[in-house]
Amino acid sequence: MTLLSPVWTALLYLLAAVCFILALKGLSSPKTARRGNLIGAAGALVAVVTVFLSSRLENIPWILGAIAVGSAIAAPVARRVQMTQMPQLVALFNGVGGGAAALVALLELGHAEEPWVRVAIVFTLLVGAVSFSGSLVTFAKLQELMTTRPVVFRGLPVIMGAALLAAIAASAVVVVTGAVWIAIVLLLLGLATGVLLVLPVGGADVPIVISLLNAFTGLAVAASGLVLGNVLLLVAGTLVGASGTILTRAMASAMGRSVAGILFGAFRGGSTAGSTAVSDRPVRSSSPEDVAVLLGYAQKVLIVPGYGLAVAQGQHTIAELQSALEARGIEVVFAIHPVAGRMPGHMNVLLAEANVAYESLREMSEVNPEFKTADVALVVGANDVVNPAAKSTPGSPIYGMPILEVEEARQVVFLKRSMRPGFAGIENELLYEPQTTLLFGDAKDSLTKVLSAVKAL
Amino acid sequence: MDGVALLTITVLAIFVGFEVVSKVSSTLHTPLMSGANAIHGIILVGAIIVAGQAADAATLVVALLAVVLATANLVGGFVVTDRMLEMFRGRRGGAR
């Protein structure tokens with residue numbers, strides 16, 4: 001006995017699907033983004049209530065318990081996570097979604113009679129497993145549990161090819177026979193493929209891979225909709241798969257990369273240019289007071305914030321520095337690289353948190369011509385996104401990535417923790433140029449000292 | 001539902017998916033990715049159905065694991081996206 005007739009069930013699922021479309025639409029504009037997200041959450045709630053009222057379900061106390069456990073784990077983590085660590089959290093959530101889809105497909109194999117349902121099952125298993133293990137590797141890279149540099153070893157393409165061929169063979173066997181143990185082998189092959197796919201990806205490209213795996217999970221969910229004959233899963237999964245693909249391409253083009261190049265670039269080698277060895281050429285380092293003088297008597301200051309700023313939690317201090325300089329009649333603009341931080345738009349989130357006005361944030365294409373007229377470019381905790389090697393050194397891992405043209409400014413001030421290279425693991429020639437001044441230390445400490453020195457001018 | 005109807009729905013959904021995100025500024029890439037990520041957490045519906053039909057203990061355990069994972073994706077995804085977007089609100093109300 002179920003409370004909802006099939007017609008009502010279908011209508012409520014349709015309502016949920018419309019909510020998801022409105023959510024994605026809303027998320028595409030700053031004004032409506034938050035409401036869009038809430039609409040999406042409401043749609044999800046409608047869908048979950050509907051499934052309880054419309055299907056003949058056993059084990060309901062267990063299911064409710066499992067939902068409680070999942071919420072109790074995820075909600076506090078999502079609420080408390082530092083905004084700097086948010087990219088890896090998104091990767092993790094994406095991975096577990098893919099894992100869930102793979103498990104659902106595995107369990108449905110016993111009920112699948114028709115071959116085309118088994119095809120959908122095999123697809124969900126494989127793609128869900130790739131998304132799960134791939135996301136865990138991106139998590140490990142972003143959390144710096146492992147090296148952020150591309151991991152390539154001899155024979156990787158061969159192993160990768162073998163894994164793929166084995167997966168295709170196992171898929172065929174599962175479709176024909178429906179053997180569960182072969183499906184488990186397929187699941188393991190998918191997990192291995194996911195790891196092998198992400199290992200060779202360099203740290204700077206990881207965000208794009210997260211977006212790609214996000215689209216993968218969407219496709220796995222869509223296929224699981226076919227398996228279960230559930231239109232909502234089909235529509236929601238397809239929406240995420242399609243929009244995720246577009247988003248991945250948009251992100252890749254913002255970094256001047258192609259998706260294929262990111263995934264398979266390391267196989268071709270050539271990413272050896274730029275060693276991690278720290279050279280001992282002289283650099284000009286200075287005191288917070290000197291930096292304050294440079295800033296305080298400038299007319300126009302461009303601030304380039306990077307991940308180091310976020311790690312040091314210095315976004316509030318830099319907002320104060322901006323106010324202090326503006327009080328002296330100095331024009332202050334933030335130059336935001338598309339991938340400043342760890343994900344596209346990440347830095348905007350961090351600066352918004354510190355109440356930096358939207359009008360003083362400029363996107364790269366808009367701000368690059370302004371460096372020529374800037375007296376000081378203040379680079380705080382950024383490195384790769386201002387590294388001229390992206391323009392001048394073919395073979396460098398970041399070659400071809402659009403950069404902020406900081407070297408055009410009259411004076412360049414780097415606030416850096418150390419001479420260590422950035423996330424991409426390559427040295428920055430700009431640090432040794434004559435117009436460059438360095439101030440070593442934690443970004444927040446340095447900013448606090450510079451701020452009080454500016455106020456004392 | 002027959003195959004052609006499912007195919008029709010899929011193809012239309014692909015186009016909707018392409019259209020809704022075709023013109024997004026890079027500022028919103030992160031929240032959009034995170035929001036899309038939350039939406040595929042709806043696999044929870046599938047996990048609930050499978051768990052509700054589980055006939056033996058082993059199936060139930062695996063299905064409940066899927067429910068936990070899917071819930072984490074769904075709930076965590078929407079919460080973290082909301083937190084991100086909360087910060088966009090502050091600056092529009094700012095005095096500057």
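How many bridges join β4(A) to β5(A), and do these strands run parallel or antiparallel? In this predicted model, 5 bridges join β4(A) to β5(A), and the two strands run parallel. Local features need pLDDT of at least 70 and side-chain atom pairs count only at pLDDT 80 or more, while totals for chains, interfaces and linings use all residues, and side-chain values use heavy atoms, with hydrogens and water left out. Residues are numbered from 1 along each chain as its sequence is written, and chains are lettered from A and ligands numbered from 1 in the order in which they are written.

**The sheet**

- In chain A, 6 strands (DSSP runs of E with at least two residues, numbered from the N terminus) form an open sheet with parallel pairing, in the order β3-β2-β1-β4-β5-β6, where two strands pair if DSSP finds at least two bridges between them.
- The edges of this sheet are held by β3 (361–363) and β6 (436–440) of chain A, each of which has a single partner strand, so one side of each is left without a neighbour in the sheet.
- Neighbouring strands are turned by 25 degrees against each other on average, direction ignored, with axes taken as lines fitted to C-alpha atoms, for helices over the stretch in contact, and angles running from 0 to 180 degrees between N-to-C directions.

**Strand β4 and its partners**

- Because 5 of the 5 residues of β4(A) are buried (under 20% relative accessible area, with a 1.4 Å probe and protein chains only), this strand is largely enclosed by the rest of the structure.
- Val376(A), Leu378(A) and Val380(A) on one side of β4(A), and Ala377(A) and Val379(A) on the other, are all buried.
- Val376(A) in β4(A) stands opposite Val301(A), and in β5(A) its bridge partner is Gln411(A).

**Helices on the sheet**

- Helix α13 (residues 315–327) of chain A, a helix being a DSSP run of H or I with at least four residues, packs on the sheet and touches β1, β2 and β4 of chain A, where contact means heavy atoms within 4.5 Å.
- Helix α17 (residues 443–456) of chain A lies across β4, β5 and β6 of chain A and runs at about 110 degrees to β6(A).

**Residues with positive phi**

- Most residues other than glycine have a negative phi.
- Glu144(A), in the loop between α5 and α6 of chain A, has a positive phi near 55 degrees.
- Asn355(A), in the loop between α14 and β3 of chain A, has a positive phi of about 65 degrees, and its 43% relative accessibility makes it partly exposed, a class that lies between buried and exposed (over 50%).
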